[in-house]
Amino acid sequence: MTTPTAIRTDFTRTEIVDTAAMDWIASPSGGVDRKPLDRIGGEVARATSLVRYAPGSDFPSHTHNGGEEFLVVEGIFSDQHGDYGPGTYVRNPVGTSHAPGSRDGCTILVKLWQFEEGDTAPVVIDTASADWQAVGQGIERLHLHRYKSEKVAMLRFSDGGSLRLPEESGGVELYLLDGRLQVEGQSLAKGGWARLPAGMAMTLSAPGTATLYIKTGHLDGPVTGPDA
């Protein structure tokens, strides 16, 4: 099976996906598979994907002409710059290059060609050891990155908890690393991914514990691929 070149390209729609129910699709590099969540373009694309490296697999050295953002979901991801364990958040700005792989296997959430012009700060954060801040009853937040309207963070719910996101959030995208989450009345389990358009207020709540990656403010405008 080849990866389609157009996946969930209407960014005015609400998308909620159970990634556990998706099949893995082989990439051009042996041992590296992916689950595409949204995509505009061919092998060079504006894309959000889960990518799985089999033990001992790697991807050829390449340059990120549109930038790369990723979160290690499980296992240890490696390149010539170091090893990144579960929960590590990385931003490789436009023009950076690396040769990624994994000795023992790993899964990462990857976003390509989604950097604002002028966003040149490299980021590496181990979210497992970073200092989280309480932002409400039963909710903690860890800021990961901010540039102009775009904000990236981790949220951790304990003993329930509810968080209201206003219309001004400029769109919301999230990936659930563990637990269960209610998003506007719809339930997400571990591995759930959701994308909600700009101009939509919403409430996130958890019946128990939950940890998620969340990005806001990045969908308030036209969304195009690398060839646009």
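A polar contact here is a pair of N or O atoms within 3.5 Å; within protein, one atom must be able to donate a hydrogen and the other to accept it, and residues adjacent in sequence count only if both atoms are side-chain atoms. The model is predicted, so local features need pLDDT of at least 70 and side-chain atom pairs count only at pLDDT 80 or more, while totals for chains, interfaces and linings use all residues. Residues are numbered from 1 along each chain as its sequence is written, and side-chain values use heavy atoms, with hydrogens and water left out.

Asp38 makes a good starting point. Its side chain has a polar contact of 3.1 Å with the side chain of Arg195, and another, at 3.4 Å, with that of Arg46. Asp38 sits in strand 4 (residues 32–41); strands (E, at least two residues) are DSSP runs, numbered from the N terminus. With a relative accessible area of 0%, Asp38 counts as buried (under 20% relative accessible area; exposed is over 50% and partly exposed in between, with a 1.4 Å probe and protein chains only). Leaving aside residues up to four places away in sequence, Asp38 touches Ile7, Arg8, Phe11, Arg46, Ala47, Thr48, Trp193 and Arg195, where contact means heavy atoms within 4.5 Å.

Now for the sheet. Seven strands form an open, antiparallel sheet in the order 2-23-20-25-18-17-16, with pairing taken to need at least two DSSP bridges between two strands. Strand 2 (15–18) and strand 16 (133–136) are the edges, each pairing on one side only. Strand 25 (residues 210–216) is joined to strand 20 (residues 172–179) by seven bridges, and seven bridges also join strand 25 to strand 18. On the strand 20 side, Tyr175 stands opposite Tyr213 and Gly179 has Ala210 as its bridge partner; Ala153 is partnered with Ile214.

Strand 25 is well covered too, with seven of its seven residues buried. One face carries Ala210, Leu212, Ile214 and Thr216, the other Thr211, Tyr213 and Lys215.

Leu212 and Ile214 turn up again in the largest nonpolar core, which has 19 residues; Phe157, Leu174, Leu181 and Leu204 join them as the residues with the most contacts inside it. Such a core is a set of buried Ala, Val, Leu, Ile, Met, Phe, Trp, Tyr and Cys residues joined through side-chain atoms within 4.5 Å. A second, separate core of 18 residues includes Leu50, Leu71, Leu144 and Leu177.

Terms used: Helices (H or I, at least four residues) and strands (E, at least two) are DSSP runs, numbered from the N terminus.
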